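Colleague: Can you walk me through how you read a structure like this one? I'd like the general idea each time, and then the case at hand.

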Amino acid sequence: MCGIVGYIGNKEAYPILIKGLHRLEYRGYDSAGVALVNAEGNINVYKTKGKVDDLESFTKDKDISGTVGIAHTRWATHGEPNDVNAHPHYSQSKSLAIIHNGIIENYAIIKKDLIKRGFEFQSDTDTEVLVQLIEYIKTTNKVDLQRAVQLALTQVIGAYAIAVVEKGNTNQIVAARKASPLVIGVGDGEFFLASDATPIVEYTKKVIYLNDQEVAVITRNEEIHIKTISDVETTPVVKEIEMSLNELERGGFPHFMLKEIYEQPRRIAEAMRGRINVDRNRVSLAGIIDNKEKFINAKRIIIVACGTSWHAGLIGEYLIEEFCRIPVEVEYASEFRYRNPIIHKDDIVIAISQSGETADTLAAIELAKKSGAFVYGICNVVGSSIPRNTDSGTYTHVGPEIGVASTKAFTAQVTVLALMTLTIARLKKTIEDDLYKRLIHELAEIPEKMEKTLATNAKIKQIAPIFTYAKNFIYLGRGYNYPVALEGALKLKEISYIHAEGYPAAEMKHGPIALIDAEMPVVFIAPHKGIYEKTLSNIQEVKARKGRVFSIITQGDREVRKLSDFCISIPETEECFVPLLASIPLQLLAYHIAIAKECNVDQPRNLAKSVTVE
Ligand code: G6P
């Protein structure tokens, strides 16, 4: 998704802005640009389609001086990805330049009105409409930039994080947000601005998170001043961020995705630390214990999420229903928010999100809160919008995930759901003591078993190139492994661009079986657990039609191995924890197929890490 960087201080802004844009590349984008206010007060805007490297080549012979500047990576919404639609955008007189994340929904009406008043537009973007509106208000009302921004934003419907610089003003950036994150870094005699803390951490740990509808005036050598768009002054709260720069680097791996896959044993152990006691016989999650009456009395749990987080939610449904005996519904946040759902006061809504910024999930939370439900968040990014907008929650605490395809965040979400399940089941007394202890003990063993699972990497790397010919893949699993099949298929399509479908194995007969021939790779998640025999029959059905079977089996299994063309074994574990292990070879399979196809695994085409527009 689009990225924002800004700088004002005593250093040259350009190198800091470019470095910041590189740090935001993981979000996915199609063009990049920068606006610098030079010592004479002139604004120089440079922008280009393509990568940040292309922007750097473009600016080689240009005036890139200035200690104030804003920069942007754009992920196209309105208007195709090209040089003109890239940000920053000038206003008509070129006295203002803006960068913007989000969508201005009523831009067409505003644009029509401004055209009537003589404004001309260079781009197809909603963002240019906003900067023209700010200029129009500023000149007709004769107000300063902050006031003009406030007034313009009262006319706007939609989501935004914006930063504006002004010709002749070498000391100021004005920034504002609504439903799209914006962070101000407070350094020593300098300020940074960014859409997430990633570009800021190497300079300062002190940050101010702007709240919805706040407009900040960032002035050189002065305190930050914040007012709401309706002109109420608010006090900026400076917080410390925990992320270290080291956490953002690749740490010797060729890609962030591979690094993050390999981090899983350590990160999952960290996610459980302090939550499972040292004797491995007790789980307690503060967020649940503090609200235990709500969980004990909940009539229903509704899980809302998008993408990979939604798949984690499905595993949560199996876990919570099996052990806590509370009915669970899992909803795509984007569907839930628009379908007038029935939400009761004694429902608990669990929102799952790696980034904590997904627009649809945030909107689903708002809806749930309005209906009086208790809202619980499972998030990775500390201080992001979802944890700030939920009643309580649990962080997954697996550190920043940079690869666009989610890996460690997924297994961490499943881990937190398992911890929640055990905590609630104990409170509700829906689990036998022996089983409770056995599950905790097994969960605590998972990091070690993940380590063993990672040893399959060499074999998967060897097999993967065989599949580069494939145009389609089918992933099949039953029970807890049905969501794993969905997630495995998603990983493959995200980064290798091979079409892949996940299905509950038994559903194969109701359609996908028609697709199976000698060309079709079929991935089975077939651990020696649960309805193993049934899965075995499904594999036979695929083999009878000459499909190529790649299966994930439990160590020691002979039967599935015999039937499969390719086999990867994972350690034995409790059925409900198999997803934590089985998803690792599937992540690796997608990774190695994508590498064999020479795809950009960390920044797949058209995808964004954090989808802050609906
Ligand atoms: C995007 C990302 C996915 C992610 C989904 C939900 O599509 O590319 O990896 O699963 O958003 O994001 P969230 O941050 O809410 O988990």
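Modeller: Let's begin with D126, which sits in helix α4, residues 126-141. Keep in mind that this is a predicted model.

Colleague: Okay. Which side chain of opposite charge is nearest to D126, and how far away is it?

Modeller: The general idea is to check burial and charge partners together. For a salt bridge, a side-chain nitrogen of Lys or Arg has to be within 4 Å of a carboxyl oxygen of Asp or Glu. Here the nearest candidate is R74, 6.3 Å away, so D126 has no salt bridge although it is buried.

Colleague: What does D126 touch, then?

Modeller: Leaving out residues up to four places away in sequence, D126 touches H78, H100, G102, I103, I104 and Y107.

Colleague: Let's move to a whole helix. How many residues of α5 are buried?

Modeller: With a helix, you look at which positions are covered and what covers them. An α-helix has 3.6 residues a turn, so residues three or four places apart point the same way. In α5, residues 145-154, seven of the 10 residues are buried, and the helix is mostly covered. Those buried residues are L145, Q146, A148, V149, Q150, A152 and L153.

Colleague: What do they pack against?

Modeller: Quite a list: the strands β6 (96-104), β7 (158-166), β8 (172-178), β12 (214-219) and β13 (225-228), plus helix α4. And α4 is where we met D126.

Colleague: Now salt bridges. How many are there by this rule?

Modeller: The count comes to 28. For each pair, ask about the distance, then where the partners sit, then how covered they are. Take R23 and E202, whose side chains meet at 2.5 Å, N to O. R23 belongs to helix α1 (residues 13-24) and E202 to the loop between β10 (191-194) and β11 (206-209), so this bridge ties together parts 179 residues apart in sequence.

Colleague: Are R23 and E202 buried or exposed?

Modeller: The cut-off for buried is under 20% relative accessible area. R23, with 16%, is buried, while E202, at 23%, counts as partly exposed.

Colleague: What about a pair with two partly exposed partners?

Modeller: Try D231 and K227, which form a salt bridge at 3.5 Å, N to O. D231 has 34% relative accessibility and counts as partly exposed; K227, at 24%, is partly exposed too.

Colleague: And a buried pair?

Modeller: R267 and E263 fit, with a salt bridge of 3.1 Å, N to O. R267 is buried with a relative accessible area of 6%, and E263 counts as buried at 5%. Follow the shared partners and you get one network of salt bridges joining K259, E263, R266, R267, E270 and K408.

Colleague: Last topic, the ligand. Which residues come nearest to it?

Modeller: Start from the shell, then go to atom pairs. There are 13 residues around the ligand, and S309, S353, Q354, S355 and T358 come nearest. Helix α10, residues 307-324, supplies the largest share of that shell, three residues.

Colleague: And the atom pairs?

Modeller: Look at whether side chain or backbone is involved. The side chain of S353 has an N or O atom 2.6 Å from a ligand oxygen, and the side chain of S355 also has one at 2.6 Å from a ligand oxygen. With Q354, a backbone N or O atom lies 2.7 Å from an oxygen of the ligand. As for cover, the ligand taken alone exposes 390 Å², and the protein buries 91% of that.

Definitions and conventions
Residues numbered from 1 in each chain as written. Predicted model: local features only at pLDDT ≥ 70, side-chain atom pairs only at ≥ 80, totals over all residues. Heavy atoms only, no water. Helix = DSSP H or I, 4+ residues; strand = E, 2+ residues; numbered from the N terminus. Buried < 20%, exposed > 50% of the residue type's maximum accessible area, 1.4 Å probe, protein only. Lys, Arg positive; Asp, Glu negative; His and termini not counted. Contact = heavy atoms within 4.5 Å. Near = heavy atom within 4 Å. Polar contact = N/O pair within 3.5 Å; in protein donor to acceptor, adjacent residues only side chain to side chain. Areas by Shrake-Rupley, 256 points an atom, 1.4 Å probe, with all protein chains shown as cover.
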